[in-house]
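Thanks for coming, everyone. I have one model to walk through, and I will keep it brisk. Please bring it up on your screens.

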Amino acid sequence: MVIFGGAGDLAWRKLLPALCMAHLHQRLPNDCRIIGVGRHNWTRDDYVAFVDKTSRSHVGGDALDRDAWASFLARLDFVSLDATVADGYQRLRAACRSGATKVFYLATAPSLFTDICRHLDEAQLIDANARVVLEKPLGHDLPSAQAINEAVARHFSEKQIYRIDHYLGKETVQNLMVLRFGNAIFEPLWRAPTIKSVQITVSETVGVGTRAGFYDHTGAMRDMVQNHLLQLLCIVAMEAPISLDPDDVRDEKLKVLRSLRKFELADVLRDTVRGQYTAGVVDGAQVKGYLDEADVPAGSQTETFVAIKAQVHNSRWAGVPFFLRTGKRMLKRQSEIIIEFSEPPFSIFAGEPSQAHPNRLIITLQPEESIQLQMMAKEPGSGMKMRPVFLNLDLQSAFTERRAEAYERLLIDVIKGRLTHFMRRDELEAAWRWADPILEGWQQLGERPKTYPAGSWGPAAASALVAREGAVWFEAQ
């Protein structure tokens, strides 16, 4: 495995710890080697010392067995090269074993993808078994995404390209397919009019931190909605594939993306909310507003919060709103999918607040992974007073086996050549076709993002967005 950007934040914080966990649990091939690539003028020993200093605490720190950690470090190597200069790739070729399957992980800016792929090809490092992993963001809009896809496709076939979205590696996301298609009780109900609405929330308590230079040119729509949230929407809304073959699954996800209502300017004004955090309190600490963060340009109109009412135009989901929401510096860190079922057409429990507590399926992805079904039950005592209770699917208790983190699971999929949980080219481009009119609409409208204090649930307009459909965000219950 060759990691371009091998000394970058993603590599030492996520990729190398994930590979170490795979190593510790005997999930890597015995002879698998990991080669970091970067511009540092380092030897192998320099790189090992760097990884020892930066990555160990993300694996287990002092609790990690020293011999086990040393056995992982023994897999590492480092090649110093400038990704834009052809000469260094011969050194990389010399470091790779002849005949070995090579995985190239491009943990770099997308602007380097074209040069890296071309130079790998020129150095004869690409063969039929080679694979390339592309880290997001893949493009800034549809034309730039198409340009990246075209450039990579000149050197790798589609079946060799793994466009990674770590949300698709989460255990609960993959469990959602089993929940839907492996249980007879849900499939007849998984449609309009039985389902009233769907909420997908990915909220963060952190701000932009040291990523302001990148984030200010990206924003929440490109950073989160166009990829993470749309992928979650696809899994919720897709039809049952005819098999678990990667293309069969991705065909169904593509149909959902193509069925999404296209936004006109009036739709953008009515059904989207952009926000930007101001100073506030998060986890008991005073934090800066976005405009006061380091490296954020004065007067920036980049959104740090987005809420959207989306609709899937097909017979299964006709009239069902999909509420998408994501933001930084919010009250809690959580990722949830809320399936809200419609109320019974007639209730014999006169005066009971069943509509205030409808049946919901609550799928939590982080910080803890769980699935809960909210139902109404009778309170103990005389009378028929009701209150909501939860049926819990406790994945931690049900399965005693260790549960791999998302990046570990996806990296093993790459090594084994499993494409199911990676985006296909037409999927990526369909997602941009939906997102671009929203981005263009915001630019045409020229309105500043609505402000919200750090440590809140976003602008008040986001609550108004769902209230028009007779709904409220789940945490407001």
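Which residues in helix 7 meet which residues in helix 9? Before I answer, one caution: this is a predicted model. Now the answer. On the helix 7 side we have Val173, Leu176, Met177 and Arg180. On the helix 9 side they meet Leu232, Ile235, Val236 and Ala237. By class, the residues of this contact are seven nonpolar, no polar and one charged.

Now the geometry. Two packed helices are described by the angle between their axes and the distance between the axes. Helix 7 covers residues 171–181, and helix 9 covers residues 219–237. Their packing angle is about 15 degrees, and their axes are 9 Å apart. Angles under 35 degrees count as roughly parallel, so helix 7 is roughly parallel to helix 9. The crossing of the two is right-handed.

Stay there and step into the loop that links helix 9 to helix 10, which spans 246–259. Methionine 238 sits in that loop. Is methionine 238 buried or exposed? Its relative accessible area is 0%, so methionine 238 is buried. What does methionine 238 touch, once neighbours within four places in sequence are set aside? Its contacts include Met177, Arg180 and Phe181. Val249, Glu252, Lys253 and Val256 complete the list. Two of those names, Met177 and Arg180, you heard a moment ago in the helix 7 contact with helix 9. For a long-range distance, take methionine 238 and alanine 123: 115 residues apart along the chain, with C-alpha atoms separated by 42 Å.

Next, a second helix pair. Helix 1 runs over residues 9–24, and helix 13 over residues 406–416. They pack at about 70 degrees, with axes 8 Å apart. The range for roughly perpendicular is 65 to 115 degrees, so helix 1 counts as roughly perpendicular to helix 13. This crossing is right-handed. Helix 1 brings Leu10, Lys14, Leu15, Ala18, Leu19, Met21 and Ala22 to the contact. Helix 13 brings Tyr407, Glu408, Leu411 and Ile412. Sorted by class, that gives nine nonpolar, no polar and two charged residues.

Histidine 166 belongs in this part of the talk too. Its place is the loop between strand 6, residues 161–163, and helix 7. Histidine 166 touches Tyr407, along with His228, Ala406 and Leu410, not counting residues up to four places away in sequence. Its relative accessible area is 23%, so histidine 166 is partly exposed.

On to the cores. Which residues touch the most other members of the largest nonpolar core? They are Phe4, Leu92 and Trp434, in a core of 106 residues. Helix 9 gives the largest share of this core, 12 residues. Apart from it lies another core, of 38 residues, with Leu16, Ala22, Ile164 and Leu411 among them.

Back to tryptophan 434 for its contacts. Without neighbours within four places in sequence, they include Met221, Val225 and Leu230. Further along the chain come Leu260, Arg261, Phe263, Ile308, Ala310 and Leu324.

Phe4 also appears in the surroundings of threonine 108. Threonine 108 touches Phe4, Gly5, Phe113 and Ile116, leaving out residues up to four places away in sequence. You will find threonine 108 in the loop between strand 4, residues 103–106, and helix 5, residues 113–122. Buried means under 20% relative accessible area. Threonine 108 has 19%, so it is buried.

Last, the backbone. Where are the cis peptide bonds I want to show? One runs from alanine 192 to proline 193, with omega near 0 degrees. Proline 193 lies in the loop between helix 7 and strand 7, residues 195–203. Another runs from glutamine 366 to proline 367, with omega near 10 degrees. Proline 367 is in the loop between strand 14 (360–366) and strand 15 (370–378).

Then positive phi. Glutamine 26 has a phi of about 55 degrees, although it is not a glycine. It is in the loop between helix 1 and strand 2, residues 34–38, and at 66% relative accessibility it counts as exposed. Aspartate 283, also not a glycine, has a positive phi of about 50 degrees. Its loop joins strand 9 (280–282) and strand 10 (285–287). At 67% relative accessibility, aspartate 283 counts as exposed.

Terms used: Residues numbered from 1 in each chain as written. Predicted model: local features only at pLDDT ≥ 70, side-chain atom pairs only at ≥ 80, totals over all residues. Heavy atoms only, no water. Axes fitted to C-alpha atoms, helices over the stretch in contact; angles between N-to-C directions. Helix = DSSP H or I, 4+ residues; strand = E, 2+ residues; numbered from the N terminus. Parallel < 35°, antiparallel > 145°, perpendicular 65-115°, else oblique. Left-handed = near helix turned anticlockwise from the far one by under 90°. Contact = heavy atoms within 4.5 Å. Nonpolar A, V, L, I, M, F, W, Y, C, P; charged D, E, K, R; others polar. Core = buried A, V, L, I, M, F, W, Y, C linked by side-chain atoms within 4.5 Å. Buried < 20%, exposed > 50% of the residue type's maximum accessible area, 1.4 Å probe, protein only.
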